[in-house]
Amino acid sequence: MTMPGRKPADTTDRWLNSVLALRLRQIERSFPSYSAFAEKSGISRRTLALLRNGKGNPSFATLLTLAASYEVSVWSLLGIRAETVSSGVESYGFSTDEVENLLMHEHSNKLFRDDQEGQLPERYVSKIEPPDN
């Protein structure tokens, strides 16, 4: 059943929510208690509980916060293998380390603040389109 004013989640959303929930439960098992797990998350307990149960719609910022807090990659949270990410990223002319560094820089230094109008540094803008093959 869909709440009034909300569109139903599509299959991809449900899949991502399920994988994220499973990954969070795996990570949780490495902590002595749920309380310790929640405290380390960097997000509210309510949001964490929703995500852990396959609910909610996390923003990219929330995924970055969780990844940094638990010291894993964003794609690991989403159940995507590093090899898959590497080959995809490399097809656009980037290295995986370069993308990881940009993501962590964005997260820690608020690279995309409103006062910067969401602009990427010129170095990255020129590489957004895939190379012609």
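## Asn17, the nonpolar core and the aromatic pairs

Asn17 has a relative accessible area of 15% and is therefore buried (under 20% relative accessible area, with exposed over 50% and partly exposed in between, for a 1.4 Å probe and protein chains only). This is a predicted model, in which local features need pLDDT of at least 70 and side-chain atom pairs count only at pLDDT 80 or more, while totals for chains, interfaces and linings use all residues. Residues are numbered from 1 along each chain as its sequence is written, and side-chain values use heavy atoms, with hydrogens and water left out.

Asn17 belongs to helix α1, residues 11–28 (helices are DSSP runs of H or I with at least four residues, numbered from the N terminus). Leaving aside neighbours within four places in sequence, Asn17 is in contact (heavy atoms within 4.5 Å) with Leu51, Gly54, Gly56 and Pro58.

The largest nonpolar core (buried Ala, Val, Leu, Ile, Met, Phe, Trp, Tyr and Cys residues joined through side-chain atoms within 4.5 Å) has 22 residues, of which Leu24, Leu48, Leu66, Tyr70 and Leu77 touch the most other members. Helix α4 gives the most to this core, with five residues.

The whole structure holds four aromatic pairs (ring centres of Phe, Tyr or Trp, the last by its six-membered ring, within 6.5 Å; planes under 30 degrees apart are stacked, over 60 edge-to-face and the rest tilted). Two of them involve Tyr70:

| Pair | Centres | Planes | Class |
|---|---|---|---|
| Phe31 and Tyr70 | 5.8 Å | 70° | edge-to-face |
| Phe37 and Tyr70 | 5.1 Å | 5° | stacked |

Both Phe37 and Tyr70 are buried, whereas Phe31 is partly exposed at 23% relative accessible area.

Definitions and conventions
Helices (H or I, at least four residues) and strands (E, at least two) are DSSP runs, numbered from the N terminus.
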